[in-house]
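User: Hi, I'm new to this one. Can you walk me through it?
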Amino acid sequence: MNLHQAKLDIVEAGRRVYERGFVASNDGNISCRIEEDRILTTPTGMSKGFLKVEDLCITDMDGTLVSGQKRPSSEIGMHIFLYRERPDVRAVVHAHPPTATGFAVAGVPLTMCVLPEVVITLGAIPIVEYGTPGGPEISEPIRQYVKDYDAYLLENHGATTIGSDVMNAYYKMETLEHFAKILFVAQQLGGYNELNAEQVDKLVAIRNRMGLRGPDPACDIPDAPATQSTTNDGIPTIRTLSASDTAQTSQDDLIGEITRRVMEELK
Ligand SMILES: [Zn+2]
């Protein structure tokens, strides 16, 4: 890992998360594992939009400052947790992108099979149970997801992505927020059309060929995805709609769908 390049990448990723509104004020933090026992990280209490390379800190794997003029990020513990759990990971980005964070606040995970690029690059994005920011509580709930997922919504907080380098982790944050925005618009327009199992399998095959890892199954494939429709006489009803299947559900499925929708409304 080239230290100078890692510093430039963190400054650049910081500028982008700020410019794109993924953080407000001094929120967010970015780090890179530059050696087995050395983490390059953003400082605490500074906007990520205007960092200079000399603002960055280096800590050991206990979070103790070993180089730099400023104090390391208050979330360094979460970053170190992720590096310990995933030795393949070299960078962590944490931000509060507003649409994805809206899903995290509403308790709605981004696990639907909707966008091919998301299925390939992330599979799905689970919600991690809430933990107080800045302390050890935030890390432990991630443990059950860390081996299979590279992106997490943090309940009532924000999002974290991990990757092979700083820009790889940053791009996952972009993809996560983009997915949330598209899904939100689709929901405003009446619902979303989910990919079916066969279509997802083809995407997983591409993912495997690219050497990417991801959750298995890649994302949630509901038995009876629902969307609003109307009958010939214009009476609103619910029917299944997947990318290749528009068959009417049975009465039992309808009841199940209605129950699911009501439960989703109540979430
Ligand atoms: Zn945060």
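Analyst: Sure, one term to begin with: a residue is buried if 20 or more other C-beta atoms lie within 10 Å of its own, exposed if 12 or fewer, and partly exposed in between, with C-beta atoms placed from the backbone. This is a predicted model, where local features need pLDDT of at least 70, side-chain atom pairs count only at pLDDT 80 or more, and totals for chains, interfaces and linings use all residues. Residues are numbered from 1 along each chain as its sequence is written.

User: Okay, so is asparagine 156 buried, exposed or partly exposed?
Analyst: Asparagine 156 counts as partly exposed, because it has 15 C-beta neighbours inside 10 Å. Its phi is positive, about 50°, although it is not a glycine.

User: Where does asparagine 156 sit?
Analyst: In the loop between strand 7 and strand 8. Helices (H or I, at least four residues) and strands (E, at least two) are DSSP runs, numbered from the N terminus.

User: What about serine 25, buried or exposed?
Analyst: Serine 25 is exposed, since 10 other C-beta atoms lie within 10 Å. Serine 25 also has a positive phi, near 50°, and is not a glycine. You'll find serine 25 in the loop between helix 1 (3-19) and strand 1.

User: How many helices and strands are there in the protein?
Analyst: Eight helices and 10 strands.

User: How are the strands of the open sheet ordered?
Analyst: The open sheet has eight strands in the order 4-3-2-1-5-8-7-6, and the pairing is mixed. Two strands pair if DSSP finds at least two bridges between them. Strand 4 (65-67) and strand 6 (127-128) are the edges, each pairing on one side only.

User: Which way do strand 1 and strand 5 run?
Analyst: Antiparallel: strand 1 (residues 29-35) is joined to strand 5 (residues 91-95) by four bridges. Cysteine 32 stands opposite alanine 91 of strand 5.

User: What does helix 6 touch on the sheet?
Analyst: Helix 6 packs on the sheet against strand 1, strand 5, strand 7 and strand 8, and its direction makes about 140° with that of strand 8. Contact means that the C-beta atoms of two residues, placed from the backbone, lie within 7 Å. Axes are lines fitted to C-alpha atoms, for helices over the stretch in contact, and angles run from 0 to 180 degrees between N-to-C directions.

User: And how do helix 3 and helix 6 cross?
Analyst: Their axes come within 7 Å and cross at roughly 70°. Helix 3 and helix 6 are therefore roughly perpendicular to each other (65 to 115 degrees; under 35 is roughly parallel, over 145 roughly antiparallel, the rest oblique). Thr99, Ala100 and Phe103 of helix 3 make the contact with residues of helix 6 including Leu176 and Phe184.

User: Switching topic, how many residues are in the largest nonpolar core?
Analyst: It has 63 residues, and Leu153 and Ala159 have the most contacts inside it. The largest share, eight residues, comes from helix 6 (residues 166-188). A nonpolar core is a set of buried Ala, Val, Leu, Ile, Met, Phe, Trp, Tyr and Cys residues joined through C-beta atoms within 7 Å.

User: What does leucine 153 touch?
Analyst: Leaving out residues up to four places away in sequence, leucine 153 touches Ala100, Phe103, Pro109 and Ala159, among others.

User: Last one: which residues does the cis peptide bond join?
Analyst: Aspartate 216 and proline 217, with omega about 5°. Proline 217 lies in the loop between helix 7 (197-209) and strand 9 (226-230).
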